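Trainee: I should like a close look at a single part of this structure, namely its nonpolar interior. Please set out the surrounding framework before turning to individual residues.

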Amino acid sequence: MRNYILGDKLENMPFEKRPVGDDNPVWRYSANPIIPVNPQPDISRVYNSAVVAFGGAFIGVFRVEKRDMTPRLYLGRSPDGIAWKIEDRPILFTDENGKPRTSNCAYDYDPRVTRIEGVYYITWCTDAFGPVIALARTEDFKTFVKLENATLPCNR
């Protein structure tokens with residue numbers, strides 16, 4: 001039987017003990033929101049984080065909307081899972097040959113990240129004449145290879 005490692009160890013995962021007297025099944029970090037509204041002058045909103053441990057720190061793929069309210073995928077980095085720096089531009093994808101792969105999609109949102117055998121796979125909802133699940137991979141969070149959409153015809 002083979003053991004699969006789905007992610008890095010999270011020794012530095014931020015954790016706060018349950019507040020005294022709180023009987024809710026889930027509690028939130030006392031300093032929420034971790035990523036504030038308008039974290040940069042040109043960013044209006046940040047949603048749907050897909051955070052993984054990477055290289056002793058944390059990487060996040062986020063839905064970011066600028067003032068035009070068009071959702072795009074952006075990368076964020078954090079040394080501790082609390083203080084985040086969102087990159088200035090959307091994630092740029094290449095095809096499997098390393099050539100830039102541009103998108104004419106109307107939107108990109110709801111990202112998720114999963115590590116399988118050292119490769120990080122990103123899924124998200126995008127537009128291909130209707131909503132579909134897009135798929136990309138990365139090993140270093142510097143190069144992102146866009147693969148074929150996971151669901152066609154349109155299906156989310």
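**The nonpolar interior in its framework**

Mentor: The secondary structure of the chain comes to zero helices and 10 strands; helices (H or I, at least four residues) and strands (E, at least two) are DSSP runs, numbered from the N terminus. The model is predicted, local features require pLDDT of at least 70, side-chain atom pairs count only at pLDDT 80 or more, and totals for chains, interfaces and linings use all residues. Residues are numbered from 1 along each chain as its sequence is written, and side-chain values use heavy atoms, with hydrogens and water left out.

The C-alpha atoms fill a box of roughly 50 × 50 × 30 Å along the principal axes. Of the 156 residues, 33% count as buried (under 20% relative accessible area; exposed is over 50% and partly exposed lies in between, with a 1.4 Å probe and protein chains only). Among contacts (heavy atoms within 4.5 Å) with a separation of 6 or more, 37% are between residues 24 or more positions apart.

The strands include two open sheets. In one, four strands follow the order β1-β2-β3-β4 with antiparallel pairing (strands pair if DSSP finds at least two bridges between them). Its edges are β1 (43-54) and β4 (85-86), each of which pairs on one side only. Strand β3 (residues 71-78) runs antiparallel to β4 and is joined to it by two bridges; G76 has I86 of β4 as its bridge partner.

The other sheet has six strands in the order β6-β5-β10-β9-β8-β7, and its pairing is mixed. Because β6 (100-101) and β7 (108-116) each have a single partner strand, one side of each edge strand is left without a neighbour in the sheet. Two bridges connect β5 (residues 93-94) with β6 in antiparallel fashion, and T94 is bridged to P100 of β6.

Against this framework, consider the largest nonpolar core (a set of buried Ala, Val, Leu, Ile, Met, Phe, Trp, Tyr and Cys residues joined through side-chain atoms within 4.5 Å). This core has 16 residues, of which V61, V113 and F141 touch the most other members. Two or more residues come from each of β1, β2 (57-66), β3, β8 (119-127) and β9 (131-138). Strand β8 gives the largest share, three residues. In soluble globular proteins, nonpolar side chains tend to be buried together.

F141 deserves individual attention. Leaving aside neighbours within four places in sequence, F141 is in contact with V52, F54, I59, L75, R77, V113 and Y120. Apart from the largest core lies another core, of nine residues, which includes A53, F58, Y74 and W84.

A further residue for inspection is I122, found in strand β8. With 0% relative accessibility, I122 counts as buried. Beyond its neighbours within four places in sequence, I122 is in contact with V61, R112, V113, A134, L135, A136, T138 and F144. Two of these, V61 and V113, are named above among the residues that touch the most other members of the largest core. By contrast, P19 lies 103 residues from I122 along the chain, and their C-alpha atoms are separated by 34 Å.
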